[in-house]
Amino acid sequence: MAVRNLNDLFLHGLKDIYYAERQILRALPKMAKKAESDQLRSAFEEHRGQTEEQIHRLQQVFEAIGKPARGVKCQAIEGIIEENEEIMGEVEDEDTLDAAMIASAQSVEHYEISRYGTLIAWAGELGMDRKVVDLLSQTLEEEKQTDQRLTRLAEERANRKAKAA
Ligand code: FE
Ligand code: FE
Ligand code: FE
């Protein structure tokens, strides 16, 4: 798509994260399945549910700006997921795999946090509907909370277990 101004950048970013969220939705069940700890499995499963809602919210944002909900290939998320799958394939110990998957999942959350943060700032600058900012902010908050929950799981258990493996 041609990108000339901030409005075009916003639309491109929205399509990018729409694509990314759908890739994440596909990746999370695989990670949940491989999780050794019950808490980590629940974290992945619950975030999968949230991701479904986030995709729905993005569809509402597209609707609010009068554009069709369509993604544009996000090379960053493809690369992050590919790299994560690679390390998941290389780790031979279950506890170590949990620590690796937490780090991987956090790389995804950080990408999302950066994207949503930018979209919210641009929506504000563009004077978009309050509803757009609210929808994006709700998701940003979920991504931040997920990131923090993963940090806790790593620090309270997974890193120590991986160290002892
Ligand atoms: Fe998300
Ligand atoms: Fe991207
Ligand atoms: Fe997320």
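Tutor: Let's start with a term: a salt bridge is a side-chain nitrogen of Lys or Arg within 4 Å of a carboxyl oxygen of Asp or Glu. Keep in mind that this is a predicted model.

Student: OK, so which residue meets the side chain of K161 in a salt bridge?

Tutor: The N to O distance for this pair is 3.8 Å, and the cut-off is within 4 Å, so the contact counts. K161 sits in helix α5 and its partner in helix α4, so the pair ties together parts 66 residues apart in sequence. The partner is D95.

Student: Is D95 buried or exposed?

Tutor: Buried means under 20% relative accessible area. K161, at 33%, counts as partly exposed. D95 has a relative accessible area of 18%, which makes it buried.

Student: How many salt bridges does the count come to?

Tutor: Apply that N to O rule with its cut-off of within 4 Å. K30 and E85 make one of the pairs, at 3.3 Å. The count comes to 10 salt bridges.

Student: Where do K30 and E85 lie, and how many residues apart are they?

Tutor: Both ends are partly exposed, with K30 at 44% relative accessibility and E85 at 39%. Their side chains meet at 3.3 Å, N to O. The pair links distant parts of the chain, with K30 in helix α1 and E85 in helix α3, and the separation is 55 residues.

Student: And E46, which residue does its side chain meet in a salt bridge?

Tutor: The N to O distance here is 2.9 Å. E46 is in helix α2 and its partner in helix α5, 103 residues apart. E46 counts as partly exposed at 45%, and the partner counts as partly exposed at 27%. That partner is R149.

Student: Now the metal. Which residues are the protein donors of the iron ion (ligand 2)?

Tutor: The donor atoms lie 1.9 to 2.5 Å from the iron ion. Along the chain the donors follow the spacing D-x57-C-x36-Y. D16 is listed with two OD entries, C74 gives SG and Y111 gives OH, so the residues, by the donor cut-off of within 2.8 Å, are D16, C74 and Y111.

Student: Why is the arrangement around the iron ion irregular?

Tutor: Four donors count as tetrahedral if all angles lie between 85 and 135 degrees. The 4 donor atoms here subtend angles of 56 to 129 degrees, and 56 falls outside that range, so the arrangement is irregular.

Student: Where do D16 and C74 lie?

Tutor: Both residues are buried. They are 58 residues apart in sequence, so the pair ties together separate parts. C74 is in the loop between α2 (38-64) and α3 (75-90), and D16 is in helix α1 (residues 6-34).

Student: What about internal space: which helix gives the largest share of the lining of the largest cavity?

Tutor: The structure holds 1 cavity of 30 Å³ or more, and about 70 Å³ of space lies in the largest cavity. α4 (94-125) and α5 (130-164) each supply at least two lining residues. The largest share, 4 residues, comes from α5.

Student: How many of those lining residues are charged?

Tutor: The lining includes D95 and K161, the salt-bridge pair we began with. It divides into 4 nonpolar residues and 1 polar residue, and the charged ones number 5.

Methods
Residues are numbered from 1 along each chain as its sequence is written. Chains are lettered from A and ligands numbered from 1 in the order in which they are written. This is a predicted model: local features need pLDDT of at least 70, side-chain atom pairs count only at pLDDT 80 or more; totals for chains, interfaces and linings use all residues. Side-chain values use heavy atoms; hydrogens and water are left out. Donors are N, O and S atoms within 2.8 Å of the metal (3.2 Å for Na, K and Ca); water is not among the atoms, so sites may look incomplete. Four donors count as tetrahedral if all angles lie between 85 and 135 degrees; four count as square planar and six as octahedral if opposite donors are over 155 degrees apart and all others between 65 and 115; anything else is irregular. Buried means under 20% relative accessible area, exposed over 50%, partly exposed in between (1.4 Å probe, protein chains only). On a 1 Å grid over the protein atoms alone, a cavity is a set of points where a 1.4 Å probe fits but cannot get out, and a pocket is an open set with protein on both sides within 12 Å along at least five of seven lines; lining residues have an atom within 4 Å of a point. Grid points are joined across faces, edges and corners, and a volume is the space filled by probe spheres set on the points. Ala, Val, Leu, Ile, Met, Phe, Trp, Tyr, Cys and Pro count as nonpolar, Asp, Glu, Lys and Arg as charged, and the others, Gly among them, as polar.
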